[in-house]
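These are my notebook entries on one structure. I looked up strands, helices, aromatic rings and a few single residues, in that order.

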Amino acid sequence: MMCLELIAEFDPFMSNHIDAYGNPGRGKTSYLSSTICEKCISLITKKVLSVIIDEVNRNKYFSIVVDSTPDISHVDQLSFVIRYVKREIQEDTPAEVERFLKFIPNIGHKVKDMLNAVIGTLEEFGLNLQDCRGQSYDTAANMSGCYSGLKTRIQNLNPLTIYVPCGGHSLNLVGLSAVDSIKEAAFFFFDYLEAIYDFFAKSTYRWQLMKQKLKPNQKVVKRATGTRWSSRYNACSSFKNSWEEFMATLNDIENNNSEKPINRRKAAGLKNNFSTFESVFMAVFWTSLLERFNKTSTILQSTSVNLEHVVDLYKSLVGYVSEIRTDEMFQKFIDEAKKN
């Protein structure tokens, strides 16, 4: 309706129609109801899908990308995406495109059910599995398992469907495993970062106190949770660059007699936890590492990235990880932590 009202500002026919038939009530034909709106969306959907499928059939070969995620109502949905190379008519040059086809709700995570969903979706759109040349999923066992995973079962039906694991997901698992291998990071540092965010975010008064302490170029405290491990970079970076201001705010809250005793105790506990050299060192170390991690993850999700660039990114990241294990780099982190 908002789109129609905008169009009506420049279209006399639409303007007159809305004036004459807007809000007529139930039982009267106006072609402005939610039923008509949903019907129009359905027709547009069919047209868009028809164009996509025609392009795929003209170019013959394609790859599939499948992943599941819960929506806002906590219903698990399987997203079905197709990739293919389209030859541009004007330039006569190939261009790789990626198109979302549909959500498939309540499939579950059993390999057999997911296989049936994939095959059923291809048949629904009139696509031949034998024309599929690639498949890409995350590295979960039910998707990438070499004996009974989805990729293996599809390869049993069509051996030409080369499996390429999701680069972003693989990188995410590297970050997760790296943190889990360090007890101080897994159980203390990142949990404390999330705790200090919750402490400030749950009170507008405390949030304003913190913002008043920050300099113009400093960032507020950030969340230390998220699906991608690269999201921890913002939390580590803001804490490292604004450590003195955060500690000063916690100190003011601890010594404020008008604050509730429980809030004063929480502020004192957080201040004590983050006042240690170990916490500052962890902030310096993880900010440096996650900065590279975040840049790599961001580029991996770019639509313009190519395979050669991806290989160079991984080589660069591996080289940096090897570099930070040297005594010289470790001493650099210690000196920077002492300085902070």
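Two strands count as paired here if DSSP finds at least two bridges between them. I note at the outset that the model is predicted.

**Entry 1. The hairpin of S1 and S2**

I began with strand S1, residues 62–70, and asked which strands it pairs with. With strand S2, residues 76–87, S1 pairs in the antiparallel sense over eight bridges. I picked out one partnership: valine 65 in S1 is bridged to valine 81 in S2. The two strands form a hairpin, and five residues lie between them. In that turn I found histidine 74 with a positive phi of about 65°.

**Entry 2. From S1 to S4 and on to S5**

I then followed S1 to strand S4, residues 132–136. S1 and S4 run parallel and are joined by four bridges. Phenylalanine 62 has cysteine 132 of S4 as its bridge partner. Beyond this, S4 is joined by two bridges to strand S5, residues 162–163, and these two strands also run parallel. Here glycine 134 is bridged to isoleucine 162 of S5.

Why is S4 largely enclosed by the rest of the structure? I checked its residues for burial, taking buried as under 20% relative accessible area. Four of the five residues of S4 are buried, so the strand is largely enclosed.

I add a general remark for reading these strands: in a regular strand, side chains alternate between the two faces of the sheet.

**Entry 3. Asparagine 158**

Is asparagine 158 buried or exposed? I located this residue in the loop between helix H6 (150–157) and S5. Its relative accessible area is 2%, so asparagine 158 counts as buried. I left aside its neighbours within four places in sequence and listed the remaining contacts, which are Leu129, Gln130, Asp131, Cys132 and Arg133. Cys132 in this list is the residue that I had recorded as the bridge partner of phenylalanine 62.

**Entry 4. Two loop residues with positive phi**

I looked up two residues that have a positive phi although neither is a glycine. Tyrosine 31 has a phi of about 60° and sits in the loop between helix H2 (12–21) and helix H3 (34–59). Its relative accessibility is 58%, so I recorded tyrosine 31 as exposed. Lysine 60 has a phi of about 70° and sits in the loop between H3 and S1. With a relative accessible area of 40%, lysine 60 is partly exposed.

**Entry 5. Helices H11 and H12**

At what angle do the axes of H11 and H12 cross? Helix H11 spans residues 243–254 and helix H12 spans residues 261–274; their axes come within 8 Å and cross at roughly 150°. I recorded the crossing as left-handed. On the H11 side the contact is made by Trp243, Met247, Leu250, Asn251, Ile253 and Glu254. On the H12 side it is made by Asn263, Arg264, Ala267, Ala268, Leu270, Lys271 and Phe274. Sorted by class, the contact has eight nonpolar, two polar and three charged residues.

**Entry 6. Aromatic rings**

I found 13 aromatic pairs in the structure. One of them joins phenylalanine 200 and phenylalanine 246, with 6.5 Å from centre to centre and 40° between the planes, a tilted arrangement. Phenylalanine 200 belongs to helix H8 (residues 183–201) and phenylalanine 246 to H11, so the pair ties together parts that are 46 residues apart in sequence. Both phenylalanines, 200 and 246, are buried.

I also noted one aromatic cluster, formed by Phe189, Phe190, Tyr192, Phe239, Phe274, Phe277, Phe281, Phe285 and Trp286. Phe274 of this cluster is a residue that I had listed for H12 in its contact with H11.

**Entry 7. Two separations in space**

Finally I looked up two distances between C-alpha atoms. Arginine 232 lies in helix H10 (residues 232–241) and is buried, at 9% relative accessible area. From arginine 232 to phenylalanine 293 the separation is 9.9 Å, with their positions 61 residues apart along the chain. Lysine 112 lies in helix H4 (residues 111–124) and is exposed, at 56% relative accessible area. Lysine 112 and asparagine 272 are 160 residues apart in sequence, and their C-alpha atoms are 52 Å apart.

Key. Residues numbered from 1 in each chain as written. Predicted model: local features only at pLDDT ≥ 70, side-chain atom pairs only at ≥ 80, totals over all residues. Heavy atoms only, no water. Axes fitted to C-alpha atoms, helices over the stretch in contact; angles between N-to-C directions. Left-handed = near helix turned anticlockwise from the far one by under 90°. Contact = heavy atoms within 4.5 Å. Nonpolar A, V, L, I, M, F, W, Y, C, P; charged D, E, K, R; others polar. Buried < 20%, exposed > 50% of the residue type's maximum accessible area, 1.4 Å probe, protein only. Phe/Tyr/Trp six-rings, centres within 6.5 Å; stacked < 30°, edge-to-face > 60°.
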